[in-house]
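Please work through the following exercises with the sequence and the model side by side. Each one gives a task and then a solution in steps.

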Amino acid sequence: MTAIRTVSIVGAGQMGVGIAQSVAGAGYEVRLFDVSAERIAEAVAEISASVARQVERGALSAEAAAALQGRITPTPDLARAATADLVIEAAVEDEAVKRAVFAELTPHLGPQTLLASNTSSISISRLASGTDRPERFIGLHFMKPATVMRLVEIVRGIATSAQTHDVAVAFAESLGKTTTNAEDFPAFIVNRILAPMINEAVFVLYEGVGDVASIDKALKLGANHPMGPLELADFMGLDVVLAIMNVLYEGQSDSKYRPCPLLVKYVEAGWVGRKSGRGFYDYSGPEPVPTR
């Protein structure tokens, strides 16, 4: 069984940063790669700020914080990243981009390297088919924010070996996470349920049944949800929600997964939520303000 000591994270966006911090916090050596050297530097700064907040709260000692940061190595060379014991792809939720990443990684992989994708909806079997090791390829779907959320969905492709699955589960659990097994169907478990709920909330807004504030209040108080569905959509990224809905719609050929036209319009306008400063809420002021 593969012994995992070094882990490369390919993609230094919000998910990649959270995964890198979680993995380094569990004692693994982490190589953090992104196509943008500037983004890698920003990611390292974000991790430093996050760790500093933990120290201020007393959740982490200064020594442990320094050790965590010391285990993260910015790695602008994808070939260098490919030599780790485990490579976790955390690129944008776009199948063409992910397949291109794996195609570039494959020639440089070590013979025992395991591959994982953090995809939230795309077929693991299809992604694995573009590599030289589908039996050593698995889905490790971390929830956002990865440093806080306890769940990791483990998704086996049709060719994923039992050994790879066992190593993946043991690795996720070593991070202090709880795992659940999901079959390789569009959007797996969490987003198969969550994204259509959000999409339906957007339809409710689109049809004028309620405004942003009333919809979110209704679900928070009426269903005891910690965040309203539109607030959650902004947190996830409306582009991510739309990508998941498109995967479901195309993969299931069922009209119940049709993305709401209003969701499409917001994404086309670049209003994709917190990361852009505007989505169903405007984040430019001291408090978020509904945009509809």
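**Exercise 1. Find which residues phenylalanine 171 is in contact with, leaving aside its neighbours within four places in sequence, and place it in its core.**

Solution. In this predicted model, the contacts of phenylalanine 171 beyond those sequence neighbours are Ile4, Val7, Val23, Tyr28, Leu86, Ile88 and Leu140. The next step is to look at the core: the largest nonpolar core has 36 residues, and Phe171 is listed with Ile88 and Leu140 as having the most contacts inside it. Helix α1, residues 14-25, gives the most to this core, with six residues. There is also a second, separate core, which has 29 residues and includes Ala187, Ala233, Met245 and Tyr257.

**Exercise 2. Check the length of helix α7 and list its buried residues.**

Solution. Helix α7 covers residues 162-174, and its 13 residues should span 18 Å at 1.5 Å a residue, where the expected span is 1.5 Å times one less than the number of residues. The end C-alpha atoms of α7 are 18 Å apart, so the model agrees with the expectation. Burial comes next, with under 20% relative accessible area as the cut-off: Thr164, His165, Val167, Ala168, Val169, Phe171 and Ala172 are the buried residues of α7. Just after the helix, glycine 176 has a positive phi of about 85°.

**Exercise 3. Give the strand order of the open sheet, identify its edges, and say which helices lie on it.**

Solution. The open sheet has eight strands in the order β3-β2-β1-β4-β5-β6-β7-β8, and the pairing is mixed. Because β3 (72-74) and β8 (178-182) each have a single partner strand, they stand at the edges, and one side of each is left without a neighbour in the sheet. On average, neighbouring strands are turned by 25° against each other, direction ignored.

At the β8 edge, strand β7 (residues 151-156) runs parallel to β8 and is joined to it by five bridges, and glutamate 153 has threonine 180 of β8 as its bridge partner. Helix α2, residues 37-57, lies across β2 (29-33) and β3, and runs at about 135° to β2. Helix α7 also packs on the sheet, where it touches β1, β4, β5, β6, β7 and β8, and its direction makes about 175° with that of β7.

**Exercise 4. Is β6 largely enclosed or left open, and how does it pair with β5?**

Solution. Six of the six residues of β6 are buried, so the strand is largely enclosed by the rest of the structure. Taking the faces in turn, Phe137, Gly139 and His141 are buried on one side, while Ile138, Leu140 and Phe142 are buried on the other. In a regular strand the side chains alternate between the two faces of the sheet.

β5 pairs with β6 in the parallel sense over three bridges, and serine 117 stands opposite glycine 139 in β6. Within β5, Leu114 and Ala116 point one way and Leu115 and Ser117 the other way, and all are buried. β4 and β5 run parallel and are joined by four bridges, with leucine 114 in β5 as the bridge partner of leucine 86.

**Exercise 5. Describe helix α11 and how it packs against α10.**

Solution. The 15 residues of helix α11 (residues 238-252) should span 21 Å at 1.5 Å a residue, and the end C-alpha atoms are 21 Å apart, which agrees. Its buried residues are Leu238, Val241, Leu242, Ala243, Ile244, Met245 and Leu248, and their cover includes α8 (190-206), α10 (229-236) and α12 (261-268). Serine 253, which follows α11, has a positive phi near 50°.

For the packing, α10 and α11 meet at an angle of about 100° with their axes 5 Å apart, and since angles of 65 to 115 degrees count as roughly perpendicular, the two helices are therefore roughly perpendicular to each other. Ala233, Asp234 and Met236 of α10 make the contact with Leu238, Val240, Val241 and Ile244 of α11.

**Exercise 6. Is leucine 230 buried or exposed, and what does it touch?**

Solution. Leucine 230 lies in helix α10, and because its relative accessibility is 0%, leucine 230 counts as buried. Not counting residues up to four places away in sequence, leucine 230 touches Ala201, Val202, Leu205, Val212, Ile215, Asp216, Phe280 and Tyr281.

Key: Residues numbered from 1 in each chain as written. Predicted model: local features only at pLDDT ≥ 70, side-chain atom pairs only at ≥ 80, totals over all residues. Heavy atoms only, no water. Buried < 20%, exposed > 50% of the residue type's maximum accessible area, 1.4 Å probe, protein only. Pairing = 2+ DSSP bridges. Axes fitted to C-alpha atoms, helices over the stretch in contact; angles between N-to-C directions. Contact = heavy atoms within 4.5 Å. Core = buried A, V, L, I, M, F, W, Y, C linked by side-chain atoms within 4.5 Å. Parallel < 35°, antiparallel > 145°, perpendicular 65-115°, else oblique.
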